[in-house]
Every structure is written in structure tokens, then in C-alpha cells.
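Dear colleague,

Please find below the structure I wished to hand over to you. My findings follow it.

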Amino acid sequence: MTRRPGQGPLPNYRSEDTSGRVWWKRNADPVGWHSIFAFALAIALVAVVGVTFDPLGVTTEFDLPETEQVAFDQSYAVARQTAQETWTERGRREALIAQALSSAADRSPWVQGARAGWSEGWNDALDALKEASEAHAPREELDRELGLLDGIARR
């Protein structure tokens, strides 16, 4: 039985009698093929948007070569800059000392000091090598090592 609007305590309320339908008619199904289709379409849409736009910025196996290249480029730039600073200064220092050692005519105190320090350092290194060989070399190799060290010219 259906109530007509305007009767009863709530005049604007209308309700249906659910038992008034015919038994062979199908009731409304809230989860039908249209719901399953909409869910599948939503999953496909999310997948397409995720692959196309990558909103989360997730690194996948397909992104690894590019990521490795970017990391290599950044680390290479830093390593190159550091090496240039270090080795440029070292190269200048070595070139200056080589020039001081090769110029025999220069009598400046700096050149004389560089030559004396170079010679003393060389001779001190030979003495330290000889002491280390005498202290730690095996007996069968001691004569050979000392002969090699004695063959190196002192400065």
C-alpha cells in the first residue's frame, strides 16, 4: 500500500511499499555489471595516469639507466673539479721545483734551499731504506737489497 502525500503526521514524506511488486521482477542491484565495469575503468585510468605522468616520482627498473647517468654526471663533475684544484697546484709546485733544480746558474737563496732540501731528502730516504732493510730483510735477500741501495747515486 502506498501512502499518498499529505496524509499522516509527515505530509511531505512519501514511502513505497516494497512488498507491492511482482515477484518475478528483479530488484535494483547496487553492485552490478556497471559497478564492476566502472571499477575496472578506474583501475585502468589510474594505471595510465601513473605510467604517463608518474605523479609520485617513483624510480622503476626502466628509470635506472637514466638515474645512473645523472648520478655519474654529478659525481664526475665534483671529482673533476676537486682533481683540477688539487693537481693544478701540485703541478705548479713540481714545475717550480724542477725549474729550480735544473737552473744551475741561479744563485738565489730560494733555489739554493730547494736544491739542498731535495738532496737532503733524497739522501735521508736512502738512509731510511738501508736501515729498514738491515732491520727487516730476510738473510738471503739482505746482501741483494743493500747492493741495490748502494748502487743508487747520492745527491
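Which residue follows helix 1, and what is the sign of its phi? The residue is D54, and its phi is positive, near 45°. Please bear in mind throughout that this is a predicted model.

Overall architecture

The protein chain contains 4 helices and 0 strands, so that, by the DSSP runs used here, its elements read α-α-α-α from the N terminus on. Of the 155 residues in the protein chain, 8% are buried. The accessible surface amounts to about 13,700 Å², and carbon and sulfur atoms account for 61% of it. As for contacts between residues at least 6 apart in sequence, 27% join residues at least 24 apart.

Helix 1

Helix 1 covers residues 33–53, which is 21 residues. From its first C-alpha to its last it reaches 30 Å, close to the 30 Å expected at 1.5 Å a residue. This helix is hardly covered, since 0 of its 21 residues count as buried. D54, with its positive phi, comes after it.

Helix 2 and the aromatic pair

The count of aromatic pairs comes to 1. The ring centres of F72 and Y76 lie 5.9 Å apart and the ring planes stand at 25°, so the pair is stacked; the cut-off for that class is an angle under 30 degrees. Both residues belong to helix 2 (residues 64–102), where they are 4 residues apart and thus separated by about one helical turn. In general, an α-helix has 3.6 residues a turn, so residues three or four places apart point the same way. Y76 has a relative accessible area of 47% and is therefore partly exposed, as that class lies between 20% and 50%.

Helix 3 and S133

Is S133 buried or exposed? S133 has 9% relative accessibility and so counts as buried, the limit being under 20%. This residue is located in helix 3 (residues 109–136). Its side chain makes a polar contact with the side chain of E145, at 2.8 Å. When the neighbours within four places in sequence are left aside, the residues in contact with S133 are L142, E145, L146 and L149. E145 thus appears both as the polar partner of the S133 side chain and in this list of contacts.

Should you wish to look at particular sites, the places discussed above are D54 after helix 1, the F72 and Y76 pair, and S133 with E145.

With kind regards

How values were computed
Residues are numbered from 1 along each chain as its sequence is written. This is a predicted model: local features need pLDDT of at least 70, side-chain atom pairs count only at pLDDT 80 or more; totals for chains, interfaces and linings use all residues. Side-chain values use heavy atoms; hydrogens and water are left out. Rings of Phe, Tyr and Trp (its six-membered ring) pair if their centres lie within 6.5 Å; planes under 30 degrees apart count as stacked, over 60 as edge-to-face and the rest as tilted. Helices (H or I, at least four residues) and strands (E, at least two) are DSSP runs, numbered from the N terminus. Buried means under 20% relative accessible area, exposed over 50%, partly exposed in between (1.4 Å probe, protein chains only). The expected span of a helix is 1.5 Å times one less than its number of residues. A polar contact is a pair of N or O atoms within 3.5 Å; within protein, one must be able to donate a hydrogen and the other to accept it, and residues adjacent in sequence count only if both atoms are side-chain atoms. Contact means heavy atoms within 4.5 Å. Accessible areas come from the Shrake-Rupley method with a 1.4 Å probe; for residues, only the protein chains shown count as cover.
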